[in-house]
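Let's take a walk through this one, from the ligand site to the cysteines and then on to the strands. Keep the viewer open as you read.

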Amino acid sequence: MIETATVYEIEDRYGSGAYGKRPTALVRGQGVYVWDIDGNRYLDATSGQGVAALGHCHPAVVAAVNAQASTLVSIHESFYNDRRAELYTLLDSITPADLSRFFLCNSGAEAIEGALKVAKLLTGRVGIVAAKRAFHGRTTGALSMTWTPKYRKPFQAWLPAVEHVAFNDIAAAVEAITPETAAVVVESVQGEGGVHPAANEYLQALRERCDQTGAMLIMDEIQTGFGRTGKWFGFEHADILPDIVALAKAIGGGLPMGAVCWRAAHGPIDRASHGSTFGGNPLACAAAIATLTTIRDQGIVERARSHGEWLMDELAALNLRGVRSVRGRGLMIGLELRGRVTPVLKALQEQGVLALPAGLNTLRLLPPLNISRDELRAVMDAIHEVLD
Ligand SMILES: *Cc1c(COP(=O)(O)O)cnc(C)c1O
């Protein structure tokens with residue numbers, strides 16, 4: 001068996017250098033747990049960055065992937081496929097109203113790029129309005145809408161017509177959105193930016209302003225989609241209908257997949273105006289069908305809502321010395337700390353719990369949506385131990 005130190009050495013020597021890594025080599029996962037090379041077990045309250053909504057190696061996903069892997073792995077969308085048709089039908093049954101046109105791709109950034117292209121095609125305009133603190137991905141188009149200068153600055157020359165306005169500021173958004181605006185892009189809960197939920201009135205005002213100006217409202221539901229916030233999609237809390245939705249992370253049960261979804265009323269996009277070699281491959285589609293069917297049939301969206309409310313109440317009631325505030329929606333929870341998050345993440349890991357940062361001072365919890373109360377209690381106990 002390969003030694004931990006050897007893995008570190010090889011990855012550090014050959015890796016891009018783009019990632020700040022935690023000194024842990026994870027090699028196996030089952031349910032809410034992952035194990036390192038030496039057999040140490042951790043409760044994964046990151047869900048692999050919000051991807052493993054059903055935990056790791058969920059039996060329904062494993063079975064679907066195994067069966068599809070020996071049937072047909074890849075076939076381009078220039079042919080029809082049974083699994084893809086099944087997934088479209090399922091997605092249509094999950095998304096509200098006529099959000100029933102889909103473009104399948106392979107990641108979140110690709111879903112954002114696709115959403116932008118759809119907005120430009122549908123409006124014939126180029127202007128984009130995005131929010132400060134937003135995170136939409138790291139390809140050059142998505143990056144220009146991402147806020148954090150650290151991510152964006154070295155690539156400035158790529159910036160198209162993007163204006164960033166303060167998040168949750170209705171007046172600023174109304175002023176920025178004009179008849180030249182192709183799209184407004186916003187997360188229903190800003191994730192990377194610090195776990196900040198969009199106010200319902202804010203999303204309603206964006207909807208209204210987009211209706212007045214003919215701009216497309218794009219919701220980035222890449223992190224919030226598929227039950228994370230206690231509804232299938234975060235925008236449903238505000239009772240609005242976006243024109244376009246960007247999806248990824250949880251959709252494929254761990255396999256790389258993304259999707260752009262838009263209202264059928266806007267019609268299809270022109271032939272050859274977009275494409276993807278791997279997009280809509282039957283393997284990812286089979287994994288997505290198993291994942292979304294399980295989330296639906298086991299009432300996991302509702303569970304994420306009640307477990308999330310419970311955990312947020314309990315965390316707030318602890319009144320921890322190291323915590324300034326607790327915020328979030330469903331099982332997307334942020335604890336704004338009085339100090340830096342990095343040492344807290346390290347201490348939690350020593351307690352056997354993996355969590356995420358969101359900015360410098362916010363601890364972010366994105367546990368699998370099917371986590372049990374007892375497992376959540378273990379997360380809470382570790383937080384109590386470390387932050388009190
Ligand atoms: C993760 C994420 C992205 C980017 O997804 P990638 O798959 O890493 O390209 C975009 N937007 C939001 C809100 C995200 O959480």
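**A walk through the model**

C210 has a relative accessibility of 1%, so this cysteine counts as buried. Keep in mind that you're looking at a predicted model. Does C210 have a sulfur partner, or is it on its own? The closest cysteine sulfur belongs to C261 and sits 16 Å away, which is too far for a bond. C285 tells a similar kind of story: its relative accessible area is 0%, so C285 is buried. Its sulfur finds its closest cysteine counterpart in C105, but at 11 Å that is too far for a bond. To put a cut-off on it, two cysteine sulfurs have to be within 2.5 Å to count as a disulfide. As a reminder, a disulfide is a covalent bond joining the sulfur atoms of two cysteines. Count them over the whole structure and you get zero disulfides.

While you're around C285, follow helix α10, which covers residues 282-297 and contains A287. A287 has 0% relative accessibility, so it counts as buried. Now jump to E221: it is 66 residues from A287 along the chain, and the two C-alpha atoms are separated by 19 Å.

Next stop, the ligand. Which residues surround it? They are S107, G108, A109, F135, H136, G137, E187, D220, I222, Q223 and K249. Sorted by class, this shell has three nonpolar, five polar and three charged residues. If you like to look at polar contacts, pick out K249, where a polar side-chain atom lies 2.6 Å from an oxygen atom of the ligand. Q223 brings an N or O atom of its side chain to 2.8 Å from a ligand oxygen. F135 joins in through its backbone, with a polar atom there 3.2 Å from a nitrogen atom of the ligand. As for cover, the ligand on its own has 380 Å² of accessible area, and the protein covers 79% of that.

Now for the strands. One open sheet has four of them, in the order β1-β2-β3-β15, and the pairing is mixed. The edges are β1 (26-30) and β15 (353-354); each has a single partner strand, so one side of each is left without a neighbour in the sheet. Strand β3, residues 41-44, runs parallel to β15, and the two share two bridges. To find one of the matched positions, go to D44, whose bridge partner in β15 is L354.

Finally, move along to β17, residues 362-365. Are its faces covered or open? In general, side chains in a regular strand alternate between the two faces of the sheet. In β17, T362 and R364 are on one side and L363 and L365 on the other; all are buried, and both faces are covered. Strand β14 (residues 332-337) pairs with β17 in the antiparallel sense over four bridges, and L335 stands opposite L363. Strand β16 (residues 356-358) is also antiparallel to β17, here over three bridges, with P357 having L363 as its bridge partner. β16 and β17 make a hairpin with three residues in between. Have a look at G359 in that turn, where phi is positive, at about 75 degrees.

Terms used: Residues numbered from 1 in each chain as written. Predicted model: local features only at pLDDT ≥ 70, side-chain atom pairs only at ≥ 80, totals over all residues. Heavy atoms only, no water. Near = heavy atom within 4 Å. Polar contact = N/O pair within 3.5 Å; in protein donor to acceptor, adjacent residues only side chain to side chain. Areas by Shrake-Rupley, 256 points an atom, 1.4 Å probe, with all protein chains shown as cover. Nonpolar A, V, L, I, M, F, W, Y, C, P; charged D, E, K, R; others polar. Buried < 20%, exposed > 50% of the residue type's maximum accessible area, 1.4 Å probe, protein only. Pairing = 2+ DSSP bridges.
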